[in-house]
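Good morning, and thank you for making time on the agenda. I should like to take you through one structure, chain by chain. Please have the sequence and the model open as I speak.

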Amino acid sequence: MIDALLHALPLVFAPMNILAMFIGLIAGLIVGCLPGLTVVTGLAVLIPLTFGLDPMFALGMMAGMYNGGSYGGAIPAILMRVPGTPASVATVLDGYKMTQKGQAAYALQVALLSGVIGSVLSSISLILLSPPLVSFSLMFGPIEYFWLGILGLATVSSLLGDDLPKGLIACGIGLLIGAVGQDISNGTERFTFGQLDLLDGFSAIVLLTGLFAVPPVLQIIEEAVKTGMSGDKLKLHRQGSALSQWRFFTPVWIRSSIIGIIIGILPGAGGSMSSFLAYNEAKRVARHPETFGHGNPEGVAASECGNGADNAASLIPALALGIPGSGVAAVILGGLLVHGLRPGPQLFREHPDIVYGFMLQFLVTSFLLAIVGGLAATRIFGQVLRLPRIVLAPVILLFVTVGVYSVNNSLFDLWVLLGVGLIGYVLERLDYPSAPIVLGLLLGPMIESQLRLALTISGGKTTALLSTPIAVTLALLSAAILLAPAWRMWRERGKTPVIEGAESR
Amino acid sequence: MKPLSIVAALGTALLLTAAGAPARADYPDKPIEMIVAFAPGGGTDVAARSIARYMEKYLGPGARIGVVNKPGAGGEIGWTSVAQGKADGYTIGFINAPAINALVVEGKTKFKMSDFQPVANLVYDPGVLVVPKNSPYSSLKDLVDAAKKASGAVVIGTSGASGSSEHIALLNFQRLADTKFTPAFFGGTAPVRQAVLGGHVPAATMNLSEALQIAREGTIKVIGVMSAERSSYLPDAPTFREGGYDVVVGASRGIAAPKGIPADVIAKLEKAIDQALKDPEYLDAAKKAEIPLQYLASSDFKTFLDRASTDLQATWKATPWK
Amino acid sequence: MEVTPEASTPQGRSRSLAEIGFATLLVATSVAVIATASTYPAESAAYPVAIGIGMAVIGCWIALREILRRQRGNPMQGRFAEHAPRLAIGVAALVVYFAAVSLIGFILPSLALCVLLPAAVGFQRWRLSAIVAVVCVVSILAIFVYALERPIPPDVLSPFLGRLR
């Protein structure tokens, strides 16, 4: 392997291939930061154009685009509360609050650095740990996925907010929306009301954009602030540097990277889950969890690091078995195929220089991202905030509209966007937390379908659900997470005096 | 430009397009819309974007094909807009048999198969039945015997949903074998491949191109190919027919237009597709990717589609899948 | 024990009523969900029905809690909207904009929105609005339509755009 890596080095650093990585990165940043455009779209357009090109050039662009796109999503999430990609939703929660507190530049830097760290660790695990991680991913069947979903939902208990019933309702709304669409195992159409557009359920990107991007537009209109942010507030040196606080962030980075890598290698777990689960975990173990959602840089770090760690890891099963760990990995797989690179163990034997070269490109583009993203994000994108706030409202709306339309090429989705946006506004004003909605939406379908698959396979025996060691472990972990707050409350009962009338604080 | 001149320019432009009826000799003299009923990045999308580039080359200088994704409802949304498109040759689209035929047979679509003018088929990817490498079953007969011993006890994972071509193939198989399998719907290729590799399901169906690599590695065994003859990509794998079950099912991707498009336009498109499929650069990429190309000209493609519809009607009568 | 940060927002009771109204709406929706889902085959119905029941119960809890608070003379404080007239303008602008986009396409309504919406709430720097409008629309067209061939809503101007290629 060391040999192959050394052989691949000159390929990776050939001037043309460095250029390819830069092009990919910049294209990725652009598609990532525009809502409705994803890396998948960018790659789909790119791959046919690479037919006649040298494989390393094509692969360099793909690696660049993947890494660039995952950070690109964080930019509008932080600056305008518009999740550029579904995976950047968790970044919105604290990132936008930081912008409101005048820490936009710092938030972008934390996001970039965390994303880079996540991708670097993920790339390293891709290069060094592929074989053991692949056998680990194969141990996941429907039973294990079911418990993974339950574990994810259990961590939601830390996101429920200050008002328990409202948090539960929010989670329920997410679960219900996730149930819309055709039931794949018998064709029953649930809550589609005969609408063809609803047969596949709502598009996650449309819902999330509506939920997060539309309410602040209304708020900006209500506030009608006619000035912009001063250029001063966009300068980094006043806000502290994430790099110098590496000690503070390291535990978050490590935990989030591990979560991102594990979700990344599991094909049955959606890509956008990793950032959310990383965020949850960071909040759960934090000493002051109540500061999350109010502009805590750790929240941004966890989300973006988990997101970045998902990238290269999702290629582990793709390269080794031909099973893509995410939608993007699936498209990259197609791109590899047209260059005659057929995934599987023999790929490593037949084209070691190209495989390891591709892995190295992931690593290199992660580092290049630090440069490109660092230069571009704050210096260019951040300047948008200097526009008078009220002018930003229509600008956000324009980009969101065209992005949402282009997802399914459908006017129906525009009305969904509007409806969800208005409901989102009401929810926000009445203090229903938005994070549980997202988690319910992402995890609900997985929990239901995997449970039913597990029961189909076991012939209806519920005992099968606890028949494997991983399943038992995941179940115990879920129980522990659910019971921990109750246990803490019970222990501290009587210690803290209950303050009546805290409402009028 | 002053506002007035912009308005004037706009007006002229609109008039020009309204007045210029398509002169067919110059076909194509404006961009052709190629509708793909699935999202960007999917198999059909990549196939469409690839062939579009080479079709442009052979349709004549300046020809442009824009791929338009209209995903949703298992392809129904996109196919509806192909069927309802203008029959002038500027709206064409990819249709995927037998999924499209199955929707029509279920009788809920706004279109009939006769609303399409088949232009050419490009890809035919037969279905396969696979088992993990250490499976107790090594042939179709083993599987059928096991299912006969305990009806419904043999679970077969499928990548599609209920009513997908694989599910229908399974229904045909169990009808011919006079037994019952339990289908488990994974809703995607990646999860079902992972499940069969990890031994979480005893057997699974997928398309040949999706099984090829892992089958060659020996991590799974292909115990039946649902095609008339053995595949040249995997000559060791027996067909269902050899096992005594006449199951021939596969996923195809072809190009169709709304019915009523002029015959000379069909001919032009047909020829461009044929030439594109023979283009050395395209052929090379397709071979490397092991895409099971199968060119069918317009009339053959129509026969093929008709046959798929008749077969499905028979299955629907015997065992409705929904 | 409730800690409600919005206690610091301006006084008023509109929020308390909205609270009850929305919770009631949730309960009604949940009941409708249960009713609709019970017509499905059992295996498809179990999951939505279970969620629906849960939501209905919690919805009642929220509504009753607020009603009891009102009776105790301690309703949830704060207003629902920060500035109701401007909120109305915003919602109306959104609805009109989406309707216009469905009818005549993306370009013209977007240019109009960028200029008119800020003006409607008192922003008078027309030139800035106009520049922003043009820059946004042009860059959207450049990236979405020309570079990536992504669709925009069917536009009355698209024949004209086709000639620009």
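I shall begin with chain C, turn to its contact with chain A, and then discuss selected features of chains A and B.

Please bear in mind throughout that this is a predicted model.

Let us start with chain C. Its secondary structure consists of 6 helices and 0 strands, and the order along the sequence is accordingly α-α-α-α-α-α. There are two domains in chain C: domain 1 covers residues 5–71, and domain 2 covers residues 84–162. Taken over C-alpha atoms, the centres of these two domains lie 36 Å apart. Of the 165 residues in chain C, 31% are buried. Among contacts in chain C with a separation of 6 or more, 64% are between residues 24 or more positions apart.

How many residues does each chain bring to the contact between chain C and chain A? Chain C contributes 60 residues and chain A contributes 57. On the side of chain C that touches chain A, at least two residues come from each of α1 (14–37), α2 (42–71), α3 (84–104), α4 (107–120) and α5 (126–147). The largest share of that side, 11 residues, is supplied by α2 of chain C. As for its composition, the side of chain C that touches chain A has 41 nonpolar, 11 polar and 8 charged residues.

I turn now to chain A, and to a pair of its helices. Helix α13 of chain A comprises residues 273–285, and helix α14 of chain A comprises residues 297–313. The axes of these two helices come within 7 Å and cross at roughly 145 degrees. The crossing of α13 and α14 in chain A is right-handed. Which residues meet there? From α13 of chain A, the participants are A:S274, A:S275, A:L277, A:A278, A:Y279, A:A282 and A:K283. From α14 of chain A, they are A:E298, A:G299, A:A302, A:S303, A:C305, A:G306, A:N307, A:A309 and A:D310. By class, this contact between α13 and α14 of chain A has 7 nonpolar, 6 polar and 3 charged residues.

Some of the residues just named return when we consider A:G264. This glycine sits in helix α12 of chain A, residues 246–265. Leaving aside residues up to four places away in sequence, A:G264 touches A:S122, A:S274, A:A309, A:D310, A:A313, A:S314, A:G325 and A:S326. Is A:G264 buried or exposed? A:G264 counts as buried, because it has 34 C-beta neighbours inside 10 Å, where 20 or more are required. By contrast with those contacts, A:R190 is 74 residues from A:G264 along the chain, and their C-alpha atoms are separated by 30 Å.

Next, a word on backbone geometry. Most residues other than glycine have a negative phi, and most peptide bonds are trans. With that in mind, I should like to point out some positions in chains A and B.

A:N409 is not a glycine, yet it has a positive phi of about 55 degrees. A:N409 lies in the loop between α19 (389–408) and α20 (411–429) of chain A. A:N409 is classed as buried because 22 C-beta neighbours fall inside 10 Å.

B:D178, also not a glycine, has a positive phi of about 55 degrees. Its place is in the loop of chain B between α6 (165–177) and β6 (182–185). B:D178 is classed as exposed because 9 other C-beta atoms are within 10 Å, and the cut-off for that class is 12 or fewer.

Chain B also holds a cis peptide bond, which joins B:A97 and B:P98 with an omega of about 5 degrees. B:P98 belongs to the loop between β3 (91–95) and α4 (99–106) of chain B.

Finally, let us view chain B as a whole. Chain B has 11 helices and 10 strands. Its C-alpha trace spans about 80 × 40 × 40 Å along the principal axes. Of the 322 residues in chain B, 55% are buried. Among contacts in chain B with a separation of 6 or more, 76% are between residues 24 or more positions apart.

One strand of chain B deserves a closer look. Strand β8 of chain B, residues 220–225, is mostly covered, with 6 of its 6 residues buried. Strand β4 of chain B, residues 116–132, pairs with β8 of chain B in the antiparallel sense over 5 bridges. Within β8 of chain B, B:V222 is the bridge partner of B:V130.

Thank you for your attention.

Definitions and conventions: Residues are numbered from 1 along each chain as its sequence is written. Chains are lettered from A and ligands numbered from 1 in the order in which they are written. This is a predicted model: local features need pLDDT of at least 70, side-chain atom pairs count only at pLDDT 80 or more; totals for chains, interfaces and linings use all residues. Axes are lines fitted to C-alpha atoms, for helices over the stretch in contact, and angles run from 0 to 180 degrees between N-to-C directions. Helices (H or I, at least four residues) and strands (E, at least two) are DSSP runs, numbered from the N terminus. A crossing is left-handed if the near helix is turned anticlockwise from the far one by less than a right angle, and right-handed if clockwise. Two residues are in contact if their C-beta atoms, placed from the backbone, lie within 7 Å. Ala, Val, Leu, Ile, Met, Phe, Trp, Tyr, Cys and Pro count as nonpolar, Asp, Glu, Lys and Arg as charged, and the others, Gly among them, as polar. Two strands pair if DSSP finds at least two bridges between them. Domain bounds come from an automatic or database domain assignment.
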